[in-house]
Amino acid sequence: MASTDCGWCGVRTHMIMVPPVRELPRATWQSRDDNVWMAAFRCSNEKCARLSVGWATFYKVTHESEAQAHLPTAELQWEPKQIRQPVFPDVPPEIEQAASEAHACLSIGAARGAVALARAVVEATAKAKGVTTHGIVQKINALRDNYVISPLTAEASHQIRKDGNSIAHGDIGDEPISQDDAAAILEFMDALLDEVFQRPAKLQRLKERHEERKQGNAPSGPTAPGRSGADFGGV
Ligand SMILES: [Zn+2]
C-alpha cells in the first residue's frame with residue numbers, strides 16, 4: 001500500500017502517486033520475468049508534501065498503464081527511508097547512543113547490525129550497573145540474581161546475547177536474521193533499558209515530588225522548572 005512513514009517528515013502518511021511510472025532497465029535488476037516499476041509519490045502531510053520514490057517488482061508486467069494501476073496498491077519499497085532514532089533520556093549516554101543506533105539500523109533494513117548492537121547494549125547495561133564478572137552470560141545472571149532485572153528480562157537478554165553472538169562470531173551464513181526477529185530483539189532491548197534505567201528514574205522523580213508536596217514547597221505552576229512536558233521520559 002502507498003502508506004509509509006515519510007522518509008522526509010517522519011509522519012505515517014498516505015503517499016500520492018505522481019505519474020509517469022518508469023520501468024527500470026532489465027540489466028539493473030537481472031531478473032528474467034520480473035519487471036521493476038518506479039514512480040514519484042508526494043507525501044500527503046501538507047506541511048511536508050515532498051517527493052519520495054516508491055518501487056515494486058511485478059511478474060511480467062510490461063505495460064505502463066498496467067504498472068500505473070498496480071503501483072499504488074503494491075507492497076512498495078521507499079527511498080528515502082525513515083531512519084528511527086529514538087531517545088532514552090534516563091539511560092547513560094553511551095548506552096543510549098548504541099540503543100538508538102540499533103533502531104536506526106533496523107529502520108534501514110540492517111537487521112544484523114541492529115542485533116549486534118543490541119547485544120552490546122545488554123553487556124554495557126550490566127557494566128553500568130557495576131557488574132564486573134567475566135562473560136556476558138554471568139553478567140546477565142548477576143543482574144537477575146541482584147534483582148535488577150526480572151527472570152523474564154534475563155531470559156530475553158540471553159536470547160539477545162545468543163542471536164548477537166551468532167553475528168559477532170561469524171555464524172551468519174545459512175539463515176540471516178529476519179526483520180521481524182530483529183524487531184522483536186530490539187523490543188526486548190528497550191524493555192531491558194526501561195527496567196534497569198527508565199522506570200527507576202521515573203519512580204525516583206515521583207518520590208521526590210511526593211516529598212516536595214509533603215513539605216509544602218511544591219512549585220505552584222503546572223510543571224516544575226526543568227521538568228517540562230517536553231521531557232521525553234516524562235513521569
Ligand atoms: Zn512527509
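Visitor: In what order do the elements of the protein chain run from the N terminus on?
Guide: This is a predicted model. The protein chain has seven helices and five strands. From the N terminus on, the order is β-β-α-β-β-α-β-α-α-α-α-α.

Visitor: What share of the 235 residues of the protein chain counts as buried?
Guide: A residue is buried when its relative accessible area is under 20%. The protein chain has 235 residues. The share that counts as buried is 35%.

Visitor: Among contacts between residues at least 6 apart in sequence, what percentage joins residues at least 24 apart?
Guide: Take the contacts in the protein chain between residues at least 6 apart in sequence. Some of them join residues at least 24 apart. Their share is 56%.

Visitor: Which residues of the largest nonpolar core touch the most other members?
Guide: In soluble globular proteins, nonpolar side chains tend to be buried together. Here the largest nonpolar core has 33 residues. Helices α3, α4, α5, α6 and α7 each supply at least two of its residues. The members that touch the most others are Val121, Ile149, Leu186, Met189 and Leu193.

Visitor: Which residues does Met189 touch, not counting those up to four places away in sequence?
Guide: Met189 is a buried residue of α7. Leave out the residues up to four places away in sequence. Then Met189 touches Ala99, Ala102, His103, Ala118, Val121 and Ile160.

Visitor: How many Å apart in space are Ala156 and Met189, C-alpha to C-alpha?
Guide: Ala156 lies in helix α6. Its relative accessibility is 10%, so Ala156 counts as buried. In sequence, Ala156 and Met189 are 33 residues apart. In space, C-alpha to C-alpha, the distance is 8.2 Å.

Visitor: How many residues does the second, separate core have?
Guide: This core is separate from the largest one. Its members include Met17, Trp37, Cys43 and Val61. The number of residues is 18.

Visitor: Which protein atoms are the donors of the zinc ion?
Guide: The donors lie 2.3 to 2.4 Å from the zinc ion. Along the chain they follow the spacing C-x2-C-x33-C-x4-C. The donors are Cys6 (SG), Cys9 (SG), Cys43 (SG) and Cys48 (SG).

Visitor: What is the geometry of the zinc ion's site?
Guide: Ideal angles are 109.5 degrees for four tetrahedral donors. Four donors count as tetrahedral if all angles lie between 85 and 135 degrees. The four donor atoms here make angles of 103 to 115°. The site is tetrahedral.

Visitor: Is Cys9 buried or partly exposed?
Guide: Cys6 has 0% relative accessibility, so Cys6 counts as buried. Cys9 has a relative accessible area of 26%. The cut-off for buried is under 20%, and exposed means over 50%. Cys9 is therefore partly exposed.

Visitor: How far apart are the end C-alpha atoms of α3?
Guide: Helix α3 has 15 residues. At 1.5 Å a residue, α3 should span 21 Å. The modelled distance agrees: 21 Å.

Visitor: Which helices are among those that cover the buried residues of α3?
Guide: The buried residues of α3 include Ile95, Ala99, Ala102 and Leu106. Just after α3, Gly109 takes a positive phi of about 85°. The cover over the buried residues of α3 includes α4 and α7.

Visitor: At which residue does α7 bend?
Guide: The 36 residues of α7 should span 52 Å, and its end C-alpha atoms are 49 Å apart, which agrees. The bend in α7 is about 50°. The residue at the bend is Asp194.

Visitor: Which residues does the cis peptide bond with omega of about 10° join?
Guide: One cis peptide bond, with omega of about 0°, joins Glu79 and Pro80. Pro80 is in the loop between β5 and α3. The bond asked about involves Pro20, whose place is strand β2. With omega of about 10°, this bond joins Pro19 and Pro20.

Visitor: Where does Tyr147 lie?
Guide: Tyr147 has a positive phi of about 60° although it is not a glycine. At 75% relative accessibility, Tyr147 counts as exposed. Its place is the loop between α5 and α6.

Methods. Residues numbered from 1 in each chain as written. Predicted model: local features only at pLDDT ≥ 70, side-chain atom pairs only at ≥ 80, totals over all residues. Heavy atoms only, no water. Core = buried A, V, L, I, M, F, W, Y, C linked by side-chain atoms within 4.5 Å. Buried < 20%, exposed > 50% of the residue type's maximum accessible area, 1.4 Å probe, protein only. Helix = DSSP H or I, 4+ residues; strand = E, 2+ residues; numbered from the N terminus. Contact = heavy atoms within 4.5 Å. Expected span 1.5 Å × (residues − 1). Donors = N, O, S within 2.8 Å, 3.2 Å for Na, K, Ca; no water. Tetrahedral: all angles 85-135°; square planar, octahedral: opposite > 155°, others 65-115°. Bend = angle between axes of the 7 residues up to and from the residue.
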